[in-house]
Every structure is written in C-alpha cells, then in structure tokens.
Amino acid sequence: MRIGVIISDEPRINDEIRVSQVRLIGPNGEQVGVIATSVALNLAKEANLDLVEVAPNAKPPVAKLIDYGKFKYNEKIKAREARRNQSTAEIKEIRFRLKIDDHDFEVKKGHVVRFLNGGDKVKVTIMLRGREQSRPIGGVELLQRLAQEVEEYGTVEFAPKQEGRNIIMTLAPKGKKVHAQSEQRRRGDQSRAERQARQAARLAAKQEAQAQAAAEAKAAVASDKPKTSETK
C-alpha cells in the first residue's frame, strides 16, 4: 500500500534543519559565510532569533537569522494588503453647493481626506441650481481648488465634467505614507538587527578560532603518541 506524503510549503527552521553545514545570512542581509549548522543554531540562540532555511536546494543550503514569528506576521499583513489592493475600492460621494462658505468647504474637505486615507475613491459632485447651470465654470474651479488642496492624499482620476445639472470629479487615493513613528520604529529595528549581526559575526569568528585551536591541539597530541611508544 502506498503511503501518502504531506509536503509543507513552510521552510525548515532551527532543529528541523538536518544538514551539517549552511551558508548563513545575518538578520540584516549580510553574508556570514559557510559554517556548521550547530554553530548557526548557537548564533540564532545567542541573538534570540530563529535559523530559517531560505534556499534548501543550494549547496550548501542557505539559512538566515530572523525572528520567524515576526516574519510570519509581516507576511500575513502583506498578503492582507495585497488582497485589499486587488479588490475594487469603495466609492464615497461628497456633495457641494456652488455657493459654499469656507467653513463648510473645510468640513467637507476633511471628509474627502478621511475617505482617501481609508483607501476609498471619492466622487465629488457640485450641484448646480437655477442660473448656476449657465455658468458651470464656477463649479469646475471649485473642484480644481479641492483637488489642489488634497493632492497630498489623492489624485484626480476623472477630471471635472458636467453631467446634467451636476459637475462631477473623481479622486483616487495615493499610496499610504509612512508615518514618522513607523519610520522611527523601522530604524530602531534596523539598528538592532545590525547589532545582532555584528554579535553573530564575532561569535562565529570566536567559535571558529576555538575549533581550529582544538583541532591543532588534537593533532599535536596525535603526533606525540608514536614517540611515547618508542620510549617504552
């Protein structure tokens, strides 16, 4: 009877990596070199990170020091963002009067900015009444003013045009900006990763030197053995 084999798409991590050597990449992408897997595991433990096999078919396989839990969380966030970007954005609508005062204009502009920041498109409609229909240029100018004042958050997808008694413009959101707090956190993470990489490199060099010294000592002991037997 044939036994089914379950193949996982998840990479091997830590003790799941069975090869004797790996080509190690530090947490910030720096090349540490080919070292024993046991040494790489010690480095991961010292840095409070995980050893993750990122290229199992390479010779030797390539492994990287990362926080695997954080890595998986970030991957989920990216996948969620990708699905959100693939879906059709919801279209919100804001209506203006041609003779709108500055206060109401600012209030409605705030709604437009909020919708754009939320990833939604905004359909802005100027409703013309009576004699206003004979001079639609005023409505076009009002929409152009709005587009200029929110250009940091959105771009004009469909320029102002008249449809019956209304003048309509559509705004689309720009890519989300990185807030200062997020940028500061990112820089902090990068600095921490660089420190961990330096510590990992120093530890690797120290362990390599210890291994070499042990090998030389063992060779020296082996070379002394024949002389001892001859003396006896």
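Here is a walk through the nonpolar cores and ring contacts of this structure, which is a predicted model.

Let's start inside. Nonpolar side chains tend to be buried together in soluble globular proteins. In this model, the largest nonpolar core has 21 residues, and the members that touch the most others are F96, V112, V124, I126, L146 and L171. Several elements put in two or more residues each: strands β5 (91-97), β6 (121-127) and β8 (166-173), along with helices α3 (102-117) and α4 (137-149). The largest share belongs to α3, with 5 residues.

L146 is a handy place to look around from. Setting aside its neighbours within four places in sequence, L146 is in contact with F96, F105, K109, V112, V124 and M169. Separate from this core there's another one, made of 16 residues, including L24, A40, L49 and A200.

Now stay with F105 for a moment, one of the contacts of L146. The ring of F105 has the charged end of R145 sitting over it, 3.8 Å from the ring centre.

On to ring-on-ring contacts, where the count is 2 aromatic pairs. One of them is Y68 with F71, a stacked pair with 6.0 Å centre to centre and 25° between the planes; it counts as stacked because the planes are under 30 degrees apart. Y68 and F71 both belong to helix α2 (residues 68-86), and since they are 3 residues apart there, about one helical turn separates them. How does each partner sit, buried or exposed? Y68 counts as buried at 12% relative accessibility, while F71 is partly exposed, its relative accessible area being 36%.

Notes: Residues numbered from 1 in each chain as written. Predicted model: local features only at pLDDT ≥ 70, side-chain atom pairs only at ≥ 80, totals over all residues. Heavy atoms only, no water. Phe/Tyr/Trp six-rings, centres within 6.5 Å; stacked < 30°, edge-to-face > 60°. Helix = DSSP H or I, 4+ residues; strand = E, 2+ residues; numbered from the N terminus. Buried < 20%, exposed > 50% of the residue type's maximum accessible area, 1.4 Å probe, protein only. Lys NZ or Arg CZ within 6 Å of the ring centre and 35° of its normal. Core = buried A, V, L, I, M, F, W, Y, C linked by side-chain atoms within 4.5 Å. Contact = heavy atoms within 4.5 Å.
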